Amino acid sequence: VQLQASGGGLVQAGGSLRLSCAASGRTFSTYAMGWFRQAPVKEREFVASIIWSGGRTYYAPSVKGRFTIAGDNAKNTWYLQMNSLKLEDTAVYYCALTPYRADYSGYYYYTTTYDYWGQGTQVTVSS
């Protein structure tokens, strides 16, 4: 599976961006897609995930209410709509994919859960 993340850029605080992650190669009937981010000198952290099928979504507390994860299964593409961006949202954002293996949300919060990763896209929020 290959993942290609795109959509990052420079945006002012309070603005919006939409990240995309396109998948190609092997497909799974049920899987989880996650977005993570990594700021300089920080560890990679969970942002959001979506379980397909079923559409259950999970968010980190820091982004809940501002970010929305969604997918277009027909296009093998998933999105992270980011609104009301803050300076602290500045990071490299990564998409990741794993076959569905566990039925509790916390399982999908960990980087080690995911088998496939995109290359990352930079999001910079300015004041």
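The legends below describe close-up views of a predicted model. In this predicted model, local features need pLDDT of at least 70 and side-chain atom pairs count only at pLDDT 80 or more, while totals for chains, interfaces and linings use all residues. Residues are numbered from 1 along each chain as its sequence is written, and side-chain values use heavy atoms, with hydrogens and water left out.

**View 1. The disulfide between C21 and C95.**
A disulfide is a covalent bond between the sulfur atoms of two cysteines, and here a pair of cysteine sulfur atoms counts as one when they lie within 2.5 Å. By this rule the structure has one disulfide, which joins C21 to C95 with an S to S distance of 2.1 Å. The pair links distant parts of the chain, since C21 belongs to strand 3 and C95 to strand 9, 74 residues apart. Strands (E, at least two residues) and helices (H or I, at least four residues) are DSSP runs, numbered from the N terminus. The link of C21 and C95 is right-handed, with 65° about the S-S bond. Relative accessible area, computed with a 1.4 Å probe on protein chains only, sorts residues into buried (under 20%), exposed (over 50%) and partly exposed (in between). C21 is buried, at 0%, and C95 is buried, at 0%.

**View 2. The surroundings of S20 in strand 3.**
S20 lies in strand 3, which covers residues 17–24. Because its relative accessible area is 16%, S20 counts as buried. Contact means that heavy atoms lie within 4.5 Å, and, leaving aside neighbours within four places in sequence, S20 is in contact with Q4, A5, S6, W35, T77, W78 and Y79.

**View 3. The loop residue N76 beside A22.**
N76 is found in the loop between strand 7 and strand 8, and with a relative accessible area of 24% this residue is partly exposed. Although N76 and A22 are 54 residues apart in sequence, their C-alpha atoms are 5.9 Å apart in space. When neighbours within four places in sequence are set aside, N76 is in contact with C21, A22, A23 and T27.

**View 4. The salt bridge of R66 and D89.**
Side chains of opposite charge can pair when their charged atoms come close. A salt bridge is defined as a side-chain nitrogen of Lys or Arg within 4 Å of a carboxyl oxygen of Asp or Glu, and the structure holds four of them. One of these is formed by the side chains of R66 and D89, at 2.7 Å from N to O. This pair links distant parts of the chain, with R66 in the loop between strand 6 (57–59) and strand 7 (67–72) and D89 in the loop between strand 8 (77–82) and strand 9 (91–99), 23 residues apart. R66 is buried, with a relative accessible area of 10%, and D89 is buried too, at 0%.

**View 5. The salt bridge of R37 and E45.**
In the salt bridge that R37 forms with E45, the closest N and O atoms are 2.6 Å apart. R37 is buried, with a relative accessible area of 5%, whereas E45, at 35%, counts as partly exposed.

**View 6. The salt bridge of R101 and D115.**
R101 forms a salt bridge with D115, and the closest N and O atoms are 2.5 Å apart. The two residues, 14 apart in sequence, are both placed in the loop between strand 9 and strand 10 (116–117). R101 is partly exposed at 46% relative accessibility, and D115 is partly exposed at 37%.
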